[in-house]
Amino acid sequence: MSQAYNPSKIEKKWQQYWEDHATFKVKDDAASPKFYALSMFPYPSGSGLHVGHAEGYAATDIVSRYKRMKGYDVLHPMGWDAFGLPAEQHALNTGEHPKHISKRNIDNYRRQLKSLGLSYDWDKEINTTDPNYYKWTQWIFLQLYKRGLAYVDEVPVNWCPELGTVLANEEVIDGKSERGGFPVIRKPMRQWMLKITAYAERLLEDLDDLDWPESLKEMQRNWIGKSVGAEVTFSIEGHGSFDVFTTRPDTLFGVTYCVLAPEHPLVAEITTAEQADAVKAYQENAALKSDLERTDLAKDKTGVFTGAYAIHPVSGAKIPIWISDYVLISYGTGAIMAVPGHDQRDFEFATKFEIPIVEVIKGGDISQEAYTGSGEHVNSDFMNGMDNEQAIDSMNQWLESNGKGKKKVTYRLRDWLFSRQRYWGEPIPIIHLEDGTMKPIPEDQLPLLLPEMKEIKPSGTGESPLANETDWVNTVDPETGQKARRETNTMPQWAGSSWYYLRYIDPHNNEEICDKEKQERWLPIDLYIGGVEHAVLHLLYARFWHKVLYDIGVVSTKEPFQKLFNQGMILGDNNEKMSKSRGNVVNPDDIVAQYGADTLRVYEMFMGPLDAAKPWSTTGVDGTYRFLNRVWRLFMNEDGNVQDKIQPIEGSDEFKRVWHKTIKKVSADMELLQFNTAISQMMVFVNEANKAEQLPKKAMEDFVQLLSPFAPHLAEELWEKLGHTDTITYAAWPQFEEQWTVDNEIEIVVQIKGKIIDRIHIPSDMEQEEMQEMALSLDKVKAAIEGKTIRKIIAVKGKLVNIVAT
RNA sequence: GCGCAUGUGGCGGAAUUGGCAGACGCACUAGACUUAGGAUCUAGCGUCUCACGACGUGGGGGUUCAAGUCCCUCCAUGCGCACCA
C-alpha cells in the first residue's frame, strides 16, 4: 500500500534533481543539431496560470523532451511579458508600485510552471520590464527612428475628461469608461507611429513559405488586405482636383457621382454657400459617432451634396460631389468614384438620393441590384465589347497615357499606433528641444530608465503619469545645452513581445542585442506554440520588427517563426469558455495537488487534437490518473520492487509486435503533434502488457522512454527503479524494427458488390490472385453468386476482396 | 454580408493513398474480489429487431466495385473581418 504511485512525492524529488543537476541547460554545442521550441510567454496576471496555458506549455515541453532524446541541442526558454495595463490599473487603485505587483505575479507563475515539470533552461529567463531587456527594446526603436520608420502624427484617442486619462479600446464600453462609466470622446493627440505599411508587401509575400496553419495565414492576408486597382484623378469645376482609388477602373463610364469622406480636407474648400450649413452639420454629426457606430448603423446610407461638381476624366461630364460616412478617410484616398450600377454600396446610396444609375456591363438587372460580375462592356466608348479583364487593362493604359491616373496597389493595413499614455511601459528614448525639434537619446546612454515614482496618477492632460515627474521630464540636451522635455509616451505591450525570441538566445549580452553567431545557429524558431488570439497583431508586429532587424543585419533569417501551431481553447465542463463569472474555471494548482503534474499533462494532451477546442472533464482526469496508476503497477509490486515478470527476455512474437508498433506510432505522432493518439497507443501497450505472462525488460524501458515526454516525473522514477543511475532526459529515443510492426496473419473482408459477406484470415503477404481464389472458394460466396455472372473482382492486398456479380 | 474552419455513439475522440466506421478514454450495465468501495479485475456497451437481419459518420443528390474520406447543394455551429471602393 505504502508503495503505491505517489505523484506528490516523486514529482518533488525529480524537480529538485533537475534543478540540482541543471539537467535542461542548453549545451550550445554546435556539434549537435539545434531545436528551438518556444511557447508564447505570458503576461503574469494576478489570477495565475490557467489550464489553457498549461496545454500549450506542455505541448512545447513534450516536443523539447522528445528532441533531446533524439540528440538535439534544445533551446526551450521562458520569460515574462510584464509591462501592461492590468498592473498599472492595479497600481492606480491600490497605490502599490507596478514593479512590485509584477514581481509577485512572476514569482507565482514561476512556481506554477516549475510544478508542472516543464523543462526550461531557467538561465535564459527574461523579463520585458528589466532595464537590461528594455534597453534593447529602446535600441530597436532608435533603429526604426533612424530609418524613418518611427514618426509622430496626430491621431484620435479615447479621451476621458473625468478620469483625465486616455483609455485603451478595451477600457471603453459603449462609449463610456469601463471604470466609472464616464463619457469618452475622440480627441486628436500627438502619437508615435511605426511605418509597418512600408513592409506590407513583404509581410504578405513571405507568408507563403511559412509552416503555419492556413487559416492563420489567411487572417494575416486579410489584415494586410492588398487590393490592386487604379488611382484616377478627377478635376473639380472651379477648384483643383482629387484622386480616387478604385479596383474597377473599367466601370469609369458608369460613374454618376463622387463621394468624399466627411473628414476629407477638400470638403471645406469646394462646398458651395447654399450647401455649407448642411455639410457642416453632417461633418459634426459624423465626428461624434464612434467608429463602431459608423459601421454598425451601416444599413442606412446617409450623405449630403456639397454643391460642387467634378469633371469626368474621360467623357468630361459634370459629376456631383457628395460627402458620406460610408467613405472612410483612412482607406485609399478618402474619396471614391461611385458606380451605382456595379457596386452595391453605391447602388444603395444612389437609390436613396435618386441619383442616376448607368449600366456599363451586361449580365445583371441594375434596376434591382448592382451587378458586380464579369461581362460585356457597353456605354463605355473604347472599352465597348471587352470583358472585365481586358477593360481594366485598357482603361489603365488610357489613364496612364493621358496623365489622368495610373495602376495602383492599396493595403488595408494601417501604420502601428505605437505610443501609450501610460507609466508602465518602456519609455520612448526621445527628447523634445525648446526649439521644437526632437532628438533621439544616444545609444550609449540606453537604457532610459523609468523613474521611480511614489505615486502613479493621471496627469490630467492626457499625457502619461510620467508628466507628473518633473525632475525626470525636464532635462537638458547635452550637445547644445538647450532645455528639453522628455517624451512622456511609453511603448505598447506589443513592443517587448515583438523580439523576445531573439533575446532568449543570448539573454545576458551587455554588448549587443544578440551575438551574431548564436543568432545564426538558433534562428529560425523551429516550433512556436500559442493561442490563436495572437494570430494577427503579435505575430504581424514581431514579423515586422524581425524584417527590420534583417535589413540592418542583426538577424539572418527573413522570418522568425518557421513553424507555428495554435493550441485550441480548453473550455469549461459545460462547454463554455472558462471564466470567473461562469464559475467553471479549473486551476492547475488544484489538479497538481490532487493528481500530480503528470496526470495534468497527460490528460490535457489526451483530451483531443492539440488545435481543437475541447471541454474539461473531471472524470476524464480520473481516467488519466487511473492510467498512470496502471503504469505504475505494471512496473512495481506492492513491496516497492520491480515486478518479477519483467525479465531480460525477448518476449513473445505477439508482444514484440505491440511493442514495436507502439514505438513507431508514438514516434510518428510526436513529429505531427498528435499527442492524443500517441497516448492512446501507449494505453494499448499497457493493456497488452497486463495480459502478458512475462515482459521483456527492453520493451519496458522503451515504453518508459516513450512516456517520459508526457509524464516526465513518473518516467524518471521508473527509469531509476529499472536500474539506471542517470536521468532519462538524454537516453537515446527507442528504435523500432519494421518487421515487427506488421502482422504476419491478418483478417480481411470478402465483399459482394461492396457488402461484407464473410471474413477470412490470411497471411499478410498473400498475393491478389491467391486472395481471389480463396474468396471464391468460400461457401457463403458460392451461395451468393449462384446463378450470377462475375463482372469484376477487386483484390486489395492486405485489405479485402470485392466481387462484382450480377 | 464576406472569408475560413468544423459537423462521427450518451460524452471526449480514432480511422495512411477512398478499402472492416466507432481504436483509446469517460459514462453506463452485469459479474468477481472485498468489512467497505468513488479501489482493483472480468465481460458487455452505435441504432432498430426476440432473432435472422436491416440501418448508420449534419440533410439531400452525385462519382465509384467501394465514400466519414472525392464532387455538387443545403443546413447548423464556431472563429475572423466587417461600408476597405
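**Exercise 1.** In this predicted model, work out how strand E1 and E2 pair, and over how many bridges.

*Solution.* Start with E1, which covers residues 34–39. Set E2, residues 73–75, beside it. The two strands pair in the parallel sense, over three bridges. Now pick out one bridge: Tyr-36 has Leu-75 in E2 as its partner.

**Exercise 2.** Place these two strands in their sheet, and find which strands lie at the edges.

*Solution.* The sheet is open and has four strands. Read the order: E2-E1-E22-E23, with parallel pairing. Next, look for strands that pair on one side only: these are E2 and E23 (564–566). From one strand to the next, the twist averages 20 degrees. Finally, add helix H2, residues 51–69. H2 lies across E1, E2 and E22 (527–530), and runs at about 170 degrees to E1.

**Exercise 3.** Return to Tyr-36 and describe the largest nonpolar core.

*Solution.* This core has 106 residues. Tyr-36 is among those with the most contacts inside it, and so are Phe-544 and Trp-616. At least three residues come from each of domain 1 (142–195 + 416–486) and domain 3 (588–740). Apart from this core lies another, of 62 residues, including Val-74 and Leu-695. Now take Phe-544. Leave aside its neighbours within four places in sequence. Its contacts are then Leu-144, Leu-194, Lys-195, Ile-196, Tyr-199, Leu-203 and Trp-416.

**Exercise 4.** List the domains of chain A, then state what separates the centres of domain 2 and domain 4.

*Solution.* Besides domains 1 and 3, chain A has domain 2 (221–411) and domain 4 (743–805). Taken over C-alpha atoms, the centres of domain 2 and domain 4 are separated by 69 Å.

Definitions and conventions. Residues are numbered from 1 along each chain as its sequence is written. Chains are lettered from A and ligands numbered from 1 in the order in which they are written. This is a predicted model: local features need pLDDT of at least 70, side-chain atom pairs count only at pLDDT 80 or more; totals for chains, interfaces and linings use all residues. Side-chain values use heavy atoms; hydrogens and water are left out. Two strands pair if DSSP finds at least two bridges between them. Axes are lines fitted to C-alpha atoms, for helices over the stretch in contact, and angles run from 0 to 180 degrees between N-to-C directions. Contact means heavy atoms within 4.5 Å. Domain bounds come from an automatic or database domain assignment. A nonpolar core is a set of buried Ala, Val, Leu, Ile, Met, Phe, Trp, Tyr and Cys residues joined through side-chain atoms within 4.5 Å. Buried means under 20% relative accessible area, exposed over 50%, partly exposed in between (1.4 Å probe, protein chains only).
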